[in-house]
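I sat down with this model to look up a few things that a bench biochemist might ask about. Here are my notes, entry by entry.

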Amino acid sequence: MEAFDQVCALLPPHLRRSAETLPALITRRVEEVRLRCGRRAALTVKGDELPLPWPEPITRRDLELVVEIATQASAHAALERVRQGWVTVRGGHRIGLCGSVAAEDGRVKNLRCLSSLNIRVAHAVPGCGEEVVKALMQGGEFPSTLLLAPPGGGKTTLLRDMLRLLSAGYSARPLRVGLCDERGEVAALWEGEPQFDVGERTDMLEGCPKAQGLMILLRGMNPQVLSCDEITDAADCAALGQCAGCGVKLLATVHAKDVDDLGRKEVYRELLRRGIFEKAVILAPDHSFRVETLPC
């Protein structure tokens with residue numbers, strides 16, 4: 001099943017039928033499906049929002065139906081579980097949620113009433129990492145590497161293909177890879193089987209916080225490369241530093257425009273100061289890239 005077809009299956013019947021009328025030239029390029037209460041449904045294509053060919057505004061019930069279909073539960077029960085504001089579904093697609101938040105002791109307890117949601121369409125692009133891996137492997141060994149781009153810049157898609165290539169031995173010897181897939185977007189495990197090809201020598205741990213998952217993989221699976229998506233806090237950075245001290249190479253993604261932007265964010269300064277990563281791959285909006293050596 002195509003990625004867009006999987007996303008269409010999450011929509012209420014009237015929106016699904018409307019989306020299914022779109023030509024393949026459009027559906028293959030859809031990055032997101034956005035539903036906002038009181039507004040028309042929209043598709044994100046190359047960063048621009050285009051209206052879905054359904055003239056009626058989205059209702060709160062439409063949003064609840066998406067959550068019910070995606071989680072196979074009532075919207076009320078599902079929203080109590082979705083404290084982080086998103087849920088990943090089969091195929092690696094992520095549904096971001098907005099609405100009225102119930103907080104307790106300064107933390108989100110649950111979402112009580114939806115106002116909008118965003119379904120990010122997960123895509124595999126086999127081969128998109130080949131030139132990046134070649135550029136990094138010039139010395140015959142894989143260097144610990146950060147992939148940098150703003151949100152929606154293609155980091156996860158590139159990471160997925162690089163894992164496949166490293167595991168297969170592209171441009172060098174095959175490597176054992178450990179993937180901590182906290183959000184379930186990189187490999188998209190379904191009943192233990194990855195929905196995306198991340199390599200035959202890749203071991204995956206899904207749904208576990210990165211700080212814990214990286215250590216579990218390090219101690220239990222003897223990886224040569226450890227990988228995770230979206231480093232976000234000090235605990236992630238501390239775990240990566242500990243893994244680097246054990247001799248394993250690292251591959252991770254970060255929301256940053258470039259190395260200067262990375263250095264301006266306090267949570268990442270310790271990574272740079274300690275020289276935990278050797279290279280940075282900076283992704284451009286046109287999908288070109290450049291490799292920079294990080295300061296040691």
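**Entry 1: the cavity**

I started with enclosed space, and a search of the whole structure turned up one cavity of 30 Å³ or more. I kept in mind that this is a predicted model. The largest cavity holds about 40 Å³ of space.

Which residues line the largest cavity? I listed C180, D181, E182, R183, E185 and D229. Sorted by class, that lining has five charged residues, one nonpolar residue and no polar ones.

**Entry 2: the strands by C180**

C180 made me curious, and I followed it into the strands. Strand β8 covers residues 177-181 and pairs with strand β12, residues 225-228, in the parallel sense over four bridges. The bridge partner of C180 in β12 is C228.

**Entry 3: the sheet**

Next I traced the sheet that holds β8 and β12. Seven strands make up this open sheet, and I wrote down their order as β11-β8-β12-β13-β7-β14-β15, with mixed pairing. Why do β11 and β15 each have one side without a neighbour in the sheet? β11 (202-206) and β15 (289-293) stand at the edges and have a single partner strand each, so one side of each is left free of a neighbour in the sheet. From one strand to the next, I noted a twist that averages 20°.

**Entry 4: a hairpin**

I then went to β2 and β3. Strand β2 (residues 42-45) and strand β3 (residues 48-51) pair in the antiparallel sense over four bridges. L43 has L50 as its bridge partner in β3. Two residues lie between the strands of this hairpin, and K46 takes a positive phi near 50° there.

A reminder to myself: strands of a sheet pair through backbone hydrogen bonds, in either the parallel or the antiparallel sense.

**Entry 5: the cysteines**

How many disulfides does a search of the whole structure find? I got zero. A disulfide would need two cysteine sulfur atoms within 2.5 Å, so I checked two cysteines against that cut-off.

For C98, the closest cysteine sulfur is in C113, at 12 Å, which is too far for a bond. C237 is in no disulfide either, and the nearest cysteine sulfur, that of C228, is 9.1 Å away. I recognised C228 from Entry 2, where it is the bridge partner of C180.

Are these two cysteines buried or exposed? C98 is partly exposed, with a relative accessible area of 43%. C237 is buried, because its relative accessible area is 6% and the cut-off for buried is under 20%.

Key
Residues are numbered from 1 along each chain as its sequence is written. This is a predicted model: local features need pLDDT of at least 70, side-chain atom pairs count only at pLDDT 80 or more; totals for chains, interfaces and linings use all residues. Side-chain values use heavy atoms; hydrogens and water are left out. Two strands pair if DSSP finds at least two bridges between them. Axes are lines fitted to C-alpha atoms, for helices over the stretch in contact, and angles run from 0 to 180 degrees between N-to-C directions. On a 1 Å grid over the protein atoms alone, a cavity is a set of points where a 1.4 Å probe fits but cannot get out, and a pocket is an open set with protein on both sides within 12 Å along at least five of seven lines; lining residues have an atom within 4 Å of a point. Grid points are joined across faces, edges and corners, and a volume is the space filled by probe spheres set on the points. Ala, Val, Leu, Ile, Met, Phe, Trp, Tyr, Cys and Pro count as nonpolar, Asp, Glu, Lys and Arg as charged, and the others, Gly among them, as polar. Buried means under 20% relative accessible area, exposed over 50%, partly exposed in between (1.4 Å probe, protein chains only).
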